[in-house]
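Please open the model in your viewer, with the sequence panel alongside, and keep a selection tool at hand. The tour below goes from one selection to the next and says what is to be found at each stop.

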Amino acid sequence: GGRSKRGGNSHLSQEERAKQNRDRNREHARSTRLRKKAYINKLKELAEGLHAQRAEETRKRRVAIQHLSEKQGVRRTVVRDFLKFHAAYESDARKWSTVLEDDFWLKQPVTPYRSFRRVEIDQECRISRGVEAIIRDAASMSVMVEEIGARSTRWMQIKREDFLIRQESKHHGSGVSSSTTTATTATSQLLLRRGGNNNTNGDQQGQHMPHSIVRQSSRLQHAVSSLSSSSGSSTGNGSGGE
């Protein structure tokens with residue numbers, strides 16, 4: 001075959017053979033350039049696709065982080081409002097409904113120093129379901145906190161001293177006359193000398209006791225009535241109310 005091919009070109013002159021070789025080389029170079037251009041275009045398309053995919057993943061990640069941040073912010077706000085309402089013994093069900101859903105439930109350990117309903121006990125735990133149950137739990141917590149140190153003479157004296165100091169600062173800040181301030185100071189010293197004397201009459205207690213103590217009776221009555229209004233109220237040991 002090679003001989004016949006060479007034989008077929010034997011009639012060509014030297015110049016014609018050179019021209020044929022140049023044409024063949026030129027066609028080969030042209031096809032090589034086309035293959036290289038196609039390969040480069042394919043690499044460009046692949047790179048652009050990878051860049052687009054990376055940009056989309058970055059955008060999705062940024063959106064997910066933003067949504068997560070917003071969700072965490074809402075959760076922090078809800079938890080903060082829940083703790084604030086619970087600590088302040090908020091009894092308005094409408095305010096509680098702004099942070100709690102209808103199927104909300106709170107799981108707590110059974111404690112001997114808190115009042116609660118027996119029906120809340122489930123497998124040695126307390127489960128408070130719904131807004132009304134949370135209001136009762138806040139009332140129970142309020143009663144427990146207000147009763148801390150209620151029988152301690154020293155604690156009552158500390159609370160009186162704190163109240164008198166705040167009252168004196170308030171009088172100084174509001175520009176009360178010196179005679180009024182002197183009378184207030186004298187009254188404060190008289191009460192401090194009395195200390196924890198339980199024989200102080202009710203009028204003096206109402207005038208000089210701190211607001212947390214003055215309003216303790218009505219606040220506790222409200223909290224206790226909220227607890228006692230639900231049937232089956234009990235302490236942690238199941239032996240009666242607080």
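Throughout this tour, two residues are said to touch, or to be in contact, when they have heavy atoms within 4.5 Å of each other. The model is a predicted one.

**The whole chain**

Begin with the entire chain in a cartoon view, where nine helices and four strands can be picked out. Followed from the N terminus, these elements run α-α-α-β-β-β-α-α-α-α-α-α-β. If you switch to a surface, the chain exposes about 17,500 Å², and carbon and sulfur atoms supply 53% of that area. Of the 242 residues, 24% count as buried. Among the contacts in the chain with a separation of 6 or more, 66% are made by residues 24 or more positions apart.

**Phe 104**

Select Phe 104 next, which sits in the loop between helix H3 (93–97) and strand E1 (105–109). Is Phe 104 buried or exposed? Its relative accessible area is 23%, so Phe 104 is classed as partly exposed, given that buried means under 20% and exposed over 50%. If you show what surrounds this residue, and leave out residues up to four places away in sequence, Phe 104 touches Phe 82, Ser 128, Arg 129, Gly 130 and Ile 134. For one of these, Arg 129, you can display the C-alpha separation from Phe 104, which is 6.0 Å although the two residues are 25 residues apart along the chain.

**Strands E1 and E3**

Now extend the selection to strand E1 and to strand E3 (125–129). The strands E1 and E3 run antiparallel and are joined by five bridges. One position to look at is Leu 106, whose bridge partner in E3 is Ser 128. With side chains displayed, E1 has a covered face made of Leu 106 and Gln 108, while Trp 105, Lys 107 and Pro 109 make up its uncovered face.

**The nonpolar core**

Which residues make up the largest nonpolar core? Select Phe 82, Phe 85, Trp 96, Val 99, Leu 100, Leu 106, Val 131, Ile 134 and Ile 135, the nine residues of this core. Colouring by element, you will find that helix H2 (14–87) and helix H4 (130–147) are the elements that give two or more residues to the core. The largest share, three residues, comes from H4.

**Phe 82 and the aromatic rings**

From the core, centre the view on Phe 82, which counts as buried because its relative accessibility is 14%, below the 20% cut-off. Setting aside neighbours within four places in sequence, Phe 82 is in contact with Trp 96, Leu 100, Phe 104, Leu 106 and Ile 134.

The structure holds three aromatic pairs. In one of them, the rings of Phe 82 and Trp 96 have centres 5.5 Å apart and planes at 75°, so this pair is edge-to-face. This pair links distant parts of the chain, with Phe 82 in helix H2 and Trp 96 in helix H3, 14 residues apart. Both Phe 82 and Trp 96 are buried. Phe 82 also forms an aromatic pair with Phe 104, and this one is tilted, at 5.9 Å centre to centre and with 50° between the planes. Here too distant parts of the chain are linked, since Phe 82 belongs to helix H2 and Phe 104 to the loop between H3 and E1, 22 residues apart. To see the wider group, select Phe 82, Phe 85, Trp 96 and Phe 104 together, as these four form one aromatic cluster.

**Two residues with positive phi**

Most residues other than glycine have a negative phi. Select Tyr 89, in the loop between H2 and H3, where phi is positive at about 50° although the residue is not a glycine. Tyr 89 has a relative accessible area of 6% and is therefore buried. Then move to Gln 123, in the loop between E2 and E3, another residue that is not a glycine and has a positive phi, of about 55°. Gln 123, at 72% relative accessibility, counts as exposed.

**Glu 120**

For the last stop, select Glu 120, which lies in the loop between strand E2 (116–117) and strand E3. Glu 120 is buried, with a relative accessible area of 7%. Which residues does Glu 120 touch, not counting residues up to four places away in sequence? Displaying its surroundings on that basis brings up Cys 125, Arg 126, Ile 127, Ser 128, Ala 133 and Arg 136.

Note on methods
Residues are numbered from 1 along each chain as its sequence is written. This is a predicted model: local features need pLDDT of at least 70, side-chain atom pairs count only at pLDDT 80 or more; totals for chains, interfaces and linings use all residues. Side-chain values use heavy atoms; hydrogens and water are left out. Buried means under 20% relative accessible area, exposed over 50%, partly exposed in between (1.4 Å probe, protein chains only). Accessible areas come from the Shrake-Rupley method with a 1.4 Å probe; for residues, only the protein chains shown count as cover. Two strands pair if DSSP finds at least two bridges between them. A nonpolar core is a set of buried Ala, Val, Leu, Ile, Met, Phe, Trp, Tyr and Cys residues joined through side-chain atoms within 4.5 Å. Rings of Phe, Tyr and Trp (its six-membered ring) pair if their centres lie within 6.5 Å; planes under 30 degrees apart count as stacked, over 60 as edge-to-face and the rest as tilted.
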